[in-house]
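Please open the model in your viewer and keep the selection tool at hand. The tour goes from one selection to the next, with a word on what is there each time.

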Amino acid sequence: MQELNHYAIGATDGEIGHVSDFFFDDQAWVIRYLVVETGSWLLSRKVLISPYSVGEPDWTNKVLPVRISKDQIQHSPDIDTEKPVSRQHEMMYADYYGYPYYWGGDGLWGDGLYFPTMMSGDYTGDGPMGHVRSDVKEAYVRAEKSRHVSDDPHLRSCKAVVRYHVHATDGDLGHVSAMLVDEETWAIRYLVVDTSNWWMGNKVLIPPQWATSIDWAESKVFIDLTRETIKDAPRFESSYVLNRQQELDLYSYYDRPNYWEREKQRELSAETA
């Protein structure tokens, strides 16, 4: 995730600024928005960019292309990124760009969706109700807005969570030094935990779903594992790209189900429902 900080954002008609932070959903552990510092062209206003609009990253030149124009960004709903983003603001944002709502349903992106659909270029703006009669669709949208307007979006700053202290069942483990993000789904797959204060500076990976609780006020993450168990776990070397075999070794060591089989099963269930 830190590697994407300061990446340039390339709109369809020019560069608009750079990534300064990310907002993630602390229940699903998925990045919902990129926070972009626009610079002088928009009076240094910070804007939100949804992964729905992000195309294939240019890793060499450190650019994230987006399928929206500078004019669209300039006239997008004004959201104060220094304050909690409300569900009402999210609805205004999604309606402005024509994105489906990500909340609700079993998928990481709602309604059985496990990928930000626009990434493949297939998204039309109609969402799962593309073939529903217009009056029925409008009634549904009004009902959804009324039902979710007071929701707590559970959005957190990725930048703030880095440096959180991590505690095992038998003592302090270290601190969060980074997050590993799935570039297809934008899900946060692992917290990279630096154990330097306890165990010779080694880093280990902990899936965020294994956290038993998080004290946001005290900046602490609690996990249901002992320090000894974690000490013998596969180590993480930040110099290489994590591959599926290394992930398999990690889950096999902890004898816990992996996320890709779990999500595949949910996806199949959604297709047959």
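The second largest cavity holds about 50 Å³ of space, and in this predicted model you can display its lining by selecting R45, K46, V47, L48, S76, P77, D78, I79 and Y93. Strand β4, residues 46-49, gives the largest share of that lining, with 3 residues. Colour the lining by class and you should find 5 nonpolar residues, 1 polar residue and 3 charged residues.

Go next to the largest cavity, whose volume is about 70 Å³. Among the 13 residues that line the largest cavity, select Y33, Y52, A94, P100 and Y102, which are the closest to its centre. Two elements, β3 (30-37) and α2, each give two or more residues to this lining, and the largest share, 3 residues, comes from α2. Coloured by class, the lining of the largest cavity shows 10 nonpolar, 1 polar and 2 charged residues. How many cavities of 30 Å³ or more does the structure hold? The count is 2.

From α2, follow the chain into the loop that runs between α2 (87-97) and α3 (134-148), and select F115, which has its place there. Is F115 buried, exposed or partly exposed? F115 is partly exposed, because its relative accessible area is 37%, a value that lies between the 20% limit for buried residues and the 50% limit for exposed ones. Leaving aside residues up to four places away in sequence, show W109, E184 and T185 as well, since F115 touches these residues. If you then add P51, which is 64 residues from F115 along the chain, the distance between the C-alpha atoms of the two residues should read 9.3 Å.

Now turn to the largest pocket, in which about 1,100 Å³ of space lies. Of the 40 residues that line the largest pocket, L180, V181, D182, E183 and V241 are the closest to its centre, and they make a convenient selection to begin with. To see which elements take part, show β8 (171-181), β9, α6 and α7, each of which supplies at least two residues of the lining. By class, the lining of the largest pocket consists of 22 nonpolar, 7 polar and 11 charged residues.

Stay with α6 and select E247, L250, Y251 and Y254, which are buried in this helix. Turn the view until you look down the axis of α6: the buried residues fall within an arc of 90°, and therefore they line one face of the helix. Among the elements that cover these buried residues are β9, β10 (203-206), α5 (227-231) and α7.

The last stop is helix α7, residues 259-272, whose 14 residues reach 20 Å from the first C-alpha to the last, close to the 20 Å expected at 1.5 Å a residue. Which residues of α7 are buried? Select Y259, W260 and E263 to see them; they cover an arc of only 90° around the axis, so they are on the same side of α7. On the other side of α7, E261 and T272 are exposed. What covers the buried residues of α7 includes β9 (188-194) and α6 (244-254), and with these two elements displayed together with α7 the tour is complete.

Notes
Residues numbered from 1 in each chain as written. Predicted model: local features only at pLDDT ≥ 70, side-chain atom pairs only at ≥ 80, totals over all residues. Heavy atoms only, no water. Helix = DSSP H or I, 4+ residues; strand = E, 2+ residues; numbered from the N terminus. Expected span 1.5 Å × (residues − 1). Buried < 20%, exposed > 50% of the residue type's maximum accessible area, 1.4 Å probe, protein only. Arc of directions from axis to C-beta. Contact = heavy atoms within 4.5 Å. 1 Å grid on protein atoms, 1.4 Å probe; cavity = no way out; pocket = protein on both sides within 12 Å on 5 of 7 lines; lining within 4 Å. Points joined across faces, edges and corners; volume = space filled by probe spheres on them. Nonpolar A, V, L, I, M, F, W, Y, C, P; charged D, E, K, R; others polar.
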